[in-house]
Amino acid sequence: MVLNSLVLKRYFEIFFLVFLFCCSCFLVLNNVLNGSQLATLQSAQVPKVTQNFNFSNKITQRLKVLLGCHDHPLISEKRQYGDYWLLKNFIRGRLSEKMGCSEAITWLAPISFAIFAPGYDFKIAMDSIQYVRNCLKESHLIQNFVTFHIYFPNRHMPDYLPTTEEEINRWPYDCQSSVKPYEKSTRADMYKTKNNLMYPINVGRNIAREAANTHFIFVCDIELFPSKNLAKQFFKMLLHNEALIPSQDKGVDEYRVFPIPVFEVTKTSSVPGSKAELLQMLKDKLAIPFHKFVCKNCHMVPGYSKWLNSTNVTTMEIIEVAKREGKFASWEPFYISDNREPMFDERVTWEGQSNKRIQNYAMCLLGFNYHVLHPAFLVHTPGIKKINHKNPRLKYVGPTNSLIRKKIIPEYHILYGKNRNCRV
């Protein structure tokens, strides 16, 4: 998802998120922001999850030893970030603050959320954050697990910023209002739009990545719904296959990430709750591989047929290991990683596209292996995407491609080496 600076999906232009696994947290947030039909949490489940939140559980401690990771506190700070001011860990998740680097609670985990909010969009962002943190039945989950970072260009400052945590918490909100704060303005009304600002999506991605306080991360758009028990199954798989965890003591330092197949469903369909339901929807043509009609090769995973035909749905497994080469050279996967992949190139914007592809080009040059996960999957917010030849973003594609070809690729060849099998 990306709540964009269109914030909270349509109006914030927040776009980006890094999560740390856990489907539920992500699903709940999507339910809040996108209004999609999702399985709802039963209130009786929450205390049980909270009671399980501790650092002494066997899985967490075993993973911490295997990973050799260190806990990092979430410290609020205001600092310069290139041409931007960054309010890092501006509003912290209450439980996220206490989580360790190997935390693996049943199905909840921290979300590191970067929001682009220049000028008066900052007020819209704060109004919206306060609303979702205090006025929804899922607000306790957002308060506990979501940490918000806000950034804006130094030439487009807000008129006012709260300077203390107390001031932030006192920011007014109205739970009785008939109109949610993120529904009070249109994209055309936004400061970003009126001032013709580009959306620096990769700046947000990097901010959220750098602020994540767990060893494994899942950089994902907010409009994508993970399958159930994704984190729990992933951690169990690691514990049963320790070879997947890099060990510098053994001299092994393989670069790897764990991609997850992505699908989209028709506008009137609900998000499938299981692989069996997804397979039936594919059979009934209510679901298709992501971007099938826009850029099929961009999201077709290696081993797709094996993924569809595998009958093991109780434990997570690696269904295929591949490079981003050959017919997968244009692949733009969503993946779980240990945060060692190259940072996103901040010269590439959302409007110009290719903002993820250039990172995967760098990963190809470095020789990353992609371990495709099964039975995990992602589903985009209901609605099948088609090519729109009148999309106003298209005018930025040419200049972006020229920047990549003339400037970025030559730099990457010096930094990461050359490989004729890799392409943007």
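Let me start with strand 10, residues 256-259, where R256 and F258 point one way and V257 and P259 point the other, and all of them are buried. Bear in mind that this is a predicted model. As a reminder, side chains in a regular strand alternate between the two faces of the sheet.

What does strand 10 pair with? Strand 15, residues 369-374, runs parallel to strand 10, with two bridges between them. V257 has Y370 of strand 15 as its bridge partner. Strand 14, residues 335-337, is antiparallel to strand 10 and is also joined to it by two bridges. There, F258 is bridged to I336.

Strands 10, 14 and 15 come up again with helix 13, residues 357-366. The buried residues of that helix pack against strand 10, strand 14 and strand 15, and also against helix 8 (201-211) and helix 14 (394-416). How much of helix 13 is covered? Eight of its 10 residues are buried. They are I358, Q359, N360, Y361, A362, M363, C364 and L365. After the helix comes G367, with a positive phi near 85°.

C364 takes me to the disulfides, and the structure holds three. C364 is bonded to C422, with the sulfur atoms 2.0 Å apart. The link is left-handed, at -80° about the S-S bond. C364 sits in helix 13 and C422 in the segment after helix 14, so the bond ties together parts that are 58 residues apart in sequence. Both ends are buried: C364 has 4% relative accessibility, and C422 has a relative accessible area of 8%.

Another disulfide joins C135 to C175, S to S 2.0 Å. Its torsion about the S-S bond is about -75°, so this one is left-handed. C135 is in the loop between helix 4 and helix 5 (139-145), while C175 is in the loop between helix 6 (165-169) and helix 7 (191-194), and the two are 40 residues apart. Are these cysteines buried or partly exposed? C135 is buried, at 18% relative accessible area, whereas C175 is partly exposed, at 29%.

The remaining pair is C295 and C298, S to S 1.9 Å. Here the link is right-handed, with 55° about the S-S bond. C295 counts as partly exposed at 25% relative accessibility, but C298 is buried, with a relative accessible area of 1%. While on cysteines, C220 is also buried, with a relative accessible area of 1%.

Back to helix 4, residues 121-134, which comes before the loop holding C135. At 1.5 Å a residue, its 14 residues should span 20 Å, and the end C-alpha atoms are 20 Å apart, which agrees. Of those 14 residues, 12 are buried, so helix 4 is largely enclosed by the rest of the structure. Among the buried ones are D121, D127 and R133, as well as F122, I124 and V132. For reference, an α-helix has 3.6 residues a turn, so residues three or four places apart point the same way.

Next, a sheet. It is open, has four strands in the order 9-16-11-12, and its pairing is mixed. Which strands stand at the edges? Strand 9 (224-226) and strand 12 (287-289) do, each with a single partner strand, so one side of each has no neighbour in the sheet. Neighbouring strands are turned by 35° against each other on average, direction ignored. Strand 9 pairs with strand 16, residues 378-380, in the antiparallel sense over three bridges. One of the residues involved is F225, whose bridge partner in strand 16 is V379. Helix 10, residues 275-283, packs on this sheet and touches strand 11 (262-265) and strand 12; its direction makes about 95° with that of strand 12.

Just past that edge is H291, in the loop between strand 12 and helix 11 (296-299). H291 counts as buried, at 15% relative accessibility. Which residues does H291 contact, leaving aside its neighbours within four places in sequence? They are E264, K296, H299 and K385.

Last, the whole chain. It has 14 helices and 16 strands. Of its 424 residues, 57% are buried. Among contacts with a separation of 6 or more, 82% are between residues 24 or more positions apart. The chain exposes about 19,100 Å², and carbon and sulfur atoms supply 51% of that area.

Terms used
Residues are numbered from 1 along each chain as its sequence is written. This is a predicted model: local features need pLDDT of at least 70, side-chain atom pairs count only at pLDDT 80 or more; totals for chains, interfaces and linings use all residues. Side-chain values use heavy atoms; hydrogens and water are left out. Two strands pair if DSSP finds at least two bridges between them. Axes are lines fitted to C-alpha atoms, for helices over the stretch in contact, and angles run from 0 to 180 degrees between N-to-C directions. Contact means heavy atoms within 4.5 Å. Buried means under 20% relative accessible area, exposed over 50%, partly exposed in between (1.4 Å probe, protein chains only). The expected span of a helix is 1.5 Å times one less than its number of residues. Accessible areas come from the Shrake-Rupley method with a 1.4 Å probe; for residues, only the protein chains shown count as cover. A disulfide is a pair of cysteine sulfur atoms within 2.5 Å.
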